[in-house]
Amino acid sequence: MKHLLSIEDMNVQDAIGILDTATELSRINDGQMKKLPTLRGRTVVNLFAEDSTRTRISFEAAAKRLSADVINFSAKGSSISKGESLKDTAMTLQAIGADAVVIRHSASGAAQRLADNQWMSGAVINAGDGTHEHPSQALLDAFTIRKHLGKGSGDLQGLHVAIVGDILHSRVARSNVLLLALLGAKVTLVAPPTLLPIGIDKWPCTVSYDFDSVLPYVDAVMMLRVQQERMTELFFPNAREYSRYYGLNSERMKSLKPASLIMHPGPMNRGLEISAEVADSARSVITEQVSNGVTVRMAILYVLLAGAPLDVGSI
Amino acid sequence: MNVVLSAEDISRALTRISHEILERNHGSSNLVLLGIPTRGAHLALRVAEIMANIEGTTIPCGTLDITLHRDDLRLRPPRSIMPTLIPQSGIEGKDVVLIDDVLFSGRTIRSALDALGEVGRPKTVQLAVLVDRGHRELPIKADFVGKNLPSSLDQSIRVSLTEIDGRDEVVIENRRQS
Amino acid sequence: MSTKYVLKSVVLPNGDKRDIAIEDGVITSISQSFTPDSHVVINTDGSRVLPGLVDLHTHLREPGREDAETVLTGSRAGAKGGFTALSAMANTSPVADTAGVVEQVYRLGQAAGYLDVFPIGAVTKGLLGESLSEIGSMADSVARVRIFSDDGNCVFDPLLMRRALEYVKKFGGVIAQHAQDPRLTIGAQMNEGEISARLGLKGWPAVAEEAIIARDVLLSDLVKSRLHICHVTTAGGVEIIRWAKQRGINVTAEVTPHHLLLTDELATTYDPVYKVNPPLRTSDDVHALREALSEGIIDIVATDHAPHPVESKECEWQEATFGMLGLETALSIVQKTMVDTKLMSWGQVADRMSFAPARIGGYVNQGQEITVGTVANLVVIDPAKNWQVDRDLTMSKATNTPYHGLTLPGVVTHTFYKGQATVIDSVVQEIGDVQ
Ligand SMILES: [Zn+2]
């Protein structure tokens with residue numbers, strides 16, 4: 001693997017390879033999170049053209065724990081927000097000598113544009129592009145599910161995961177559907193019809209408009225953030241009605257199987273898609289997703305950066 | 001190609017090493033064995049088993065992966081990380097014996113010492129290897145050696161173990177001229 | 001005195017092989033074997049001659065965006081592609097919504113001298129869709145505007161559309177509609193379907209185009225005026241036009257070369273060179289469009305040549321502008337998609353790319369049968385030869401061709417505009433030097 005742009009580009013071996021690496025890394029660290037010398041002398045640039053403190057901090061922590069040098073190029077005050085083209089930014093990063101660029105961008109396909117053009121030679125890691133994909137989030141979600149419900153290794157055969165909410169605008173949902181299906185899990189998307197894309201029938205998953213009919217059968221339920229502005233864009237009548245049909249509250253939680261996990265990629269709208277009691281309940285692994293995020297991103301950086309560049313043969 | 005250690009030779013060497021370790025450390029009570037994956041891990045298990053038979057008690061035995069501490073990562077294709085499994089006893093204040101198949105430049109062992117430092121602070125660290133082929137690049141020396149095999153740099157030493165390769169043997173072969 | 005030419009052994013649209021002599025701007029002889037005197041003899045054995053191509057949909061960008069294209073560079077690109085007439089879209093800056101602007105564009109075309117540039121007038125003032133522009137004075141100007149379009153924008157207000165259709169009846173004009181419901185396409189980036197769902201790019205449903213076509217053919221029927229549908233892209237749109245024509249509604253339609261060849265699969269590259277309005281659709285749509293052009297349900301091919309500067313395309317898909325070049329590749333794409341596939345004869349190509357567009361636009365001395373005495377607007381193409389598209393070699397000022405690197409059939413070797421060779425051996429001539 002040269003880049004991490006999309007789950008679509010991955011095969012099962014790639015995916016399990018990253019999850020296994022993350023498993024080993026978490027074992028070594030075992031909560032202590034000591035610094036490893038592995039990427040000493042490598043430069044990782046966090047290019048965040050869209051605000052996301054959570055993801056940026058997670059990648060930054062991951063890179064630093066592997067001793068890479070980290071340069072943050074964040075939205076506010078950066079040249080991208082001043083209308084500098086992606087090309088010019090890429091050429092600057094090339095001049096700096098970035099070994100990897102972690103890019104978050106509001107335009108779908110921005111990471112691929114960066115990787116496909118000859119503007120820079122480093123690895124490109126997609127940290128969320130528009131409404132396209134967010135592969136590192138999907139990997140950390142799969143890692144979290146595998147740790148709790150899987151064999152701790154291998155794939156996710158036999159598990160059933162529901163992803164609930166604004167599928168149409170969710171890069172997390174796109175990446176998760178592809179990855180969970182790749183790993184052999186059954187995926188059901190739950191949303192009002194307005195928040196499901198046309199053409200979804202070709203995705204490797206099933207679709208339901210009825211949350212309550214799905215809930216009792218799943219091993220994990222992943223709640224997606226619903227943005228308030230979707231209301232003004234006519235996707236649903238109001239927050240209360242959305243919550244009534246698609247929010248996860250303690251009443252609904254009762255119909256979940258006892259061992260089922262509750263997940264959320266954050267940031268949460270407490271009271272809208274998820275109630276506070278549910279988010280803070282014992283079966284919620286939401287904060288663990290955050291810590292697993294660092295480990296999985298270490299694994300991604302390791303897989304992409306630790307070896308010799310792919311175009312150089314082994315010696 | 002030349003077989004330098006047969007299955008029997010390997011078995012004898014491991015038995016001898018096991019005895020030497022026990023003797024040097026006055027028994028097994030404070031010992032922890034850590035094999036360096038992949039083949040070192042299997043050798044460590046064998047040594048632990050031999051010792052258990054001698055001592056009549058189980059010896060804490062684990063693995064220590066050094067991949068994340070290697071100084072030659074950039075020179076080779078990406079490698080996958082192997083398991084690091086530290087026994088319940090931990091290594092704090094213990095006499096740790098690192099076990100590997102071949103001792104060559106010493107860089108692997110340097111990395112192993114770094115990796116060990118992440119895990120804890122043993123009382124002593126010792127090194128046992130099946131084969132020492134010389135050509136050290138660092139001031140590192142093995143405490144227990146199965147066989148010294150002086151070799152030239154254009155030869156390669158290949159260790160096969162039943163657990164991985166289906167049979168036990170060590171061969172020395174001339175590298176293809178490039 | 002102008003140069004006299006003879007095209008030796010060239011194949012006419014009907015398949016006959018003839019010698020064609022050109023003198024003083026007109027065709028002077030069509031015979032089995034012409035004996036030249038002071039003629040420049042062009043060996044066109046094996047090549048085909050067609051009436052000069054007429055484009056009803058060209059963005060020449062002048063005035064306002066001369067960094068992307070000018071009337072001169074666009075004219076040279078047109079000549080290179082075998083065109084002898086272009087229709088300059090109204091979305092310039094200032095907008096072509098007054099007699100002054102259309103006359104300026106018309107005169108720039110005359111001055112360039114490579115082909116006729118017929119300005120298209122805006123339907124509404126400033127393309128804003130609020131009030132009618134000075135349609136009458138544009139029609140009466142020296143530019144003799146007959147086609148009116150807000151292209152780029154849809155005339156969305158149904159009452160305004162009705163009035164426009166009625167108003168142009170006075171002089172036999174036509175409203176060319178860019179059919180795109182703006183409410184259904186807010187922020188839209190590409191065809192809505194499987195690919196847009198996968199790529200996370202905002203979808204542009206086929207219905208946004210089809211609903212406007214349906215509404216406008218009904219309005220055209222009501223007021224008995226001429227309607228032209230720009231760049232039809234969907235199978236559903238074709239069906240509505242077919243239905244309207246069966247009912248005798250006075251509607252014509254165009255398809256672009258790129259919609260005859262390319263599909264929305266190309267968006268998976270996220271390369272904005274494939275970003276175009278209306279968007280590339282599915283292969284089912286492509287097949288329906290080819291079928292419709294072959295049957296004549298779609299009347300003409302029009303390029304929607306849309307030059308853009310490099311920085312408008314060398315960026316993220318969402319930031320990029322819509323549009324692609326078309327003039328220099330149009331005939332080759334039509335050969336590849338329609339002739340080489342046996343869907344159309346060369347005679348039909350002459351109709352779809354010359355006779356019919358000239359008829360719709362009411363263009364004088366364009367789109368005529370190749371006969372003795374007619375103005376020598378001609379193109380010679382060698383259908384047996386291939387060429388490779390190279391964006392760095394375009395005559396156009398811009399480089400945003402989606403065909404870069406592609407090998408296409410059919411090389412335009414010569415273009416004659418009013419008897420003057422604008423292209424010789426595929427090289428665009430310096431018109432100023434020749435005169
Ligand atoms: Zn248009």
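The following paragraphs describe sheets, chain interfaces, salt bridges and backbone features of a predicted model.

In chain B, an open sheet is built from 5 strands in the order 3-2-4-5-6, and the pairing is parallel. The edges are held by strand 3 (61–63) and strand 6 (144–148) of chain B; each has a single partner strand, so one side of each is left without a neighbour in the sheet. On average, and with direction ignored, neighbouring strands of this sheet are turned by 25° against each other. Helix 1 (residues 7–24) of chain B packs on the sheet, where it touches strand 2 (31–35), strand 4, strand 5 and strand 6 of chain B. The direction of this helix makes about 150° with that of strand 6 of chain B. Within the sheet, strand 4 (residues 95–103) and strand 5 (residues 124–132) of chain B run parallel and are joined by 8 bridges. B:Val96 has B:Val125 in strand 5 of chain B as its bridge partner.

Chain A also contains an open sheet of 5 strands with parallel pairing, here in the order 7-6-5-8-9. Strand 7 (206–208) and strand 9 of chain A are at the edges, and since each has a single partner strand, one side of each is left without a neighbour in the sheet. The average turn between neighbouring strands of this sheet is 20°, direction ignored. Strand 5 (residues 160–164) of chain A is connected by 4 bridges to strand 8 (residues 220–223) of chain A, and the two run parallel. The bridge partner of A:Ile163 in strand 8 of chain A is A:Met222. Helix 5 (residues 135–149) of chain A lies across strand 5, strand 8 and strand 9 of chain A, and runs at about 165° to strand 9 of chain A.

Chain A meets chain C through 23 residues, which are in contact with 19 residues of chain C. The two chains bury about 1,700 Å² between them, with 48% of this area on carbon and sulfur atoms. On the side of chain A, the most area is lost to chain C by A:Ser108, A:Arg113 and A:Ile198, which together account for 31% of what that side buries. Between chain A and chain C, 3 salt bridges are counted. A:Arg113 pairs in a salt bridge with C:Asp271, where the closest N and O atoms are 3.8 Å apart. Polar contacts across this interface comprise 12 residue pairs, both residues being at pLDDT 80 or more. Helix 3 (86–96) and helix 4 (110–116) of chain A are the elements that give two or more residues to the side of chain A that touches chain C. Of these, helix 4 of chain A gives the most, with 4 residues. By class, this side of chain A has 8 nonpolar, 8 polar and 7 charged residues.

At the interface with chain B, 22 residues of chain A are in contact with 16 residues of chain B. Chain A and chain B bury about 1,700 Å² between them, of which 58% lies on carbon and sulfur atoms. The rule finds 0 salt bridges across this interface, and 1 residue pair is in polar contact, with both residues at pLDDT 80 or more. The side of chain A that touches chain B receives two or more residues from each of helix 1 (12–29) and helix 12 (286–305) of chain A. Helix 1 of chain A gives the most, with 5 residues. The residues of this side divide into 10 nonpolar, 5 polar and 7 charged.

Over all chains, a search of the whole structure finds 46 salt bridges. One of them links B:Asp143 and B:Arg24, whose closest N and O atoms are 3.6 Å apart. B:Asp143 lies in the loop between strand 5 and strand 6 of chain B and B:Arg24 in helix 1 of chain B, so the pair ties together parts that are 119 residues apart in sequence.

Particular backbone features occur in loops of chain A and chain C. The peptide bond from A:Gly266 to A:Pro267 is cis, with omega near -10°; A:Pro267 lies in the loop between strand 9 (261–263) and helix 11 (276–279) of chain A. C:Glu62 and C:Pro63 are likewise joined by a cis peptide bond, with omega about 5°, and C:Pro63 is located in the loop between strand 6 (53–54) and helix 1 (71–80) of chain C. Although A:Leu234 is not a glycine, this residue has a positive phi of about 70°. A:Leu234 is placed in the loop between helix 8 (229–232) and helix 9 (239–246) of chain A.

Key: Residues numbered from 1 in each chain as written. Chains lettered and ligands numbered in written order. Predicted model: local features only at pLDDT ≥ 70, side-chain atom pairs only at ≥ 80, totals over all residues. Heavy atoms only, no water. Pairing = 2+ DSSP bridges. Axes fitted to C-alpha atoms, helices over the stretch in contact; angles between N-to-C directions. Contact = heavy atoms within 4.5 Å. Buried area = accessible area lost by both parts, 1.4 Å probe. Salt bridge = Lys/Arg side-chain N within 4 Å of Asp/Glu carboxyl O. Polar contact = N/O pair within 3.5 Å; in protein donor to acceptor, adjacent residues only side chain to side chain. Nonpolar A, V, L, I, M, F, W, Y, C, P; charged D, E, K, R; others polar.
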